[in-house]
Amino acid sequence: MSPRGSFVARRLLLGAAQTVAVVLLVFALTEALPGDAAVALAGDQPDPARIAAIRETLHLDRPAHERLADWAYGLAHGDFGTSLISGRPVAQYLTDGFGPTLLLAGLTLVLLVPIGFGLGVLAARHEGRPADRLISSATLAVYAVPEFALGVLLVTVFALRLGWLPPTAVGHGTDLLAQPAVLVLPVLVLLSRPVCSIARLVRAGMAEALSAQYTVHATRHGIGGARVRYTHALPNALAPAVQQLARTVDWLLCGVIVVEALFVIPGLGTVLLNAVAERDVPVVQGLAVVFGVLTVVLNLGADLVAHRLTPRTGVTA
């Protein structure tokens, strides 16, 4: 098997092992949550006998290994289970919440790629000059601000004081495209840190490639500056940026809980928070598995793409 084929096979096997580990870890962590759905459903009547009856009805009194086997068998057949609180299929929760989260992630990614890569290339072209220092300082400053603090600041300025934009998505339902103004502040918050990371990675990679011997040699032989930058230097800066981009997509799809909570957007993050508050274990487990598998798949894809882009193709990883 070729070195590239061997690398792909190893990464695929590792991805499969990581997926199995995600399933086991999610079950173990949800088992460790204090209380359960029976306590939440008991409400104002937390009588031990009533709680025991509810647990029996919901099959929460069965041994953990039996519930794990049933759950894993269902996952293998595409069945994420049923909500203990509402009785709805967990897959329906995923379907309802995935739309707003995917919309936020998609809009952020569409803006992230040209802005992040553009700023990185611009800074590298003017390395050591005022433009480079301005971009580097600005990205470092913005990256240091937590998403929640930045969101509160943007809401205070643009929604409460200036009145230009709505502060939250309350009253707009799940059809966020019907009111595009609702998306402006959440997308700005989601863009803030990833743009800084991508720009700084591209800038560092481009600056290193532009100072390398082969680019200097190409310039001495009369090859145009634009061709040297975009044909020779930029591809060598893409590998770390692609891996960071994959981690960003993973974060956008799986880690937007703070932004969705702040702007009251009914996405997957909000669904997860509500499920944890209600001790709705099947919903928590289903969402956690989806998040975990997405992380494995995206990082696997990023590793394969980065391995393909690296100039040292003869070296196995």
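This short presentation concerns three residues, Pro-166, Glu-147 and Val-264, in a predicted model.

Good morning, colleagues. I begin with Pro-166. Pro-166 sits in the loop that runs between helix H7, residues 147-161, and helix H8, residues 181-210. Its relative accessibility is 23%, and it is therefore classed as partly exposed. If we set aside neighbours within four places in sequence, the contacts of Pro-166 are Ala-159, Ala-181, Val-182 and Leu-185. Which residue, 97 positions away in sequence, is 9.4 Å from Pro-166, C-alpha to C-alpha? That residue is Phe-263.

I turn next to Glu-147, which belongs to helix H7. Is Glu-147 buried or exposed? Glu-147 is buried, because its relative accessibility of 17% falls under the 20% cut-off. Pro-166, at 23%, is partly exposed because its value lies between that 20% limit and 50%. As for the surroundings of Glu-147, again leaving out neighbours within four places in sequence, there is contact with Val-189, Arg-193 and Trp-251.

My last residue is Val-264. Where is Val-264 placed? Val-264 is found in the loop between helix H11, residues 257-262, and helix H12, residues 268-277. With regard to its backbone, Val-264 has a positive phi of about 50°, although this residue is not a glycine. The relative accessibility of Val-264 is 41%, so Val-264 counts as partly exposed.

To summarise the accessibility assignments: Glu-147 is buried, Pro-166 is partly exposed, and Val-264 is partly exposed. Thank you for your attention.

Terms used: Residues are numbered from 1 along each chain as its sequence is written. This is a predicted model: local features need pLDDT of at least 70, side-chain atom pairs count only at pLDDT 80 or more; totals for chains, interfaces and linings use all residues. Side-chain values use heavy atoms; hydrogens and water are left out. Helices (H or I, at least four residues) and strands (E, at least two) are DSSP runs, numbered from the N terminus. Buried means under 20% relative accessible area, exposed over 50%, partly exposed in between (1.4 Å probe, protein chains only). Contact means heavy atoms within 4.5 Å.
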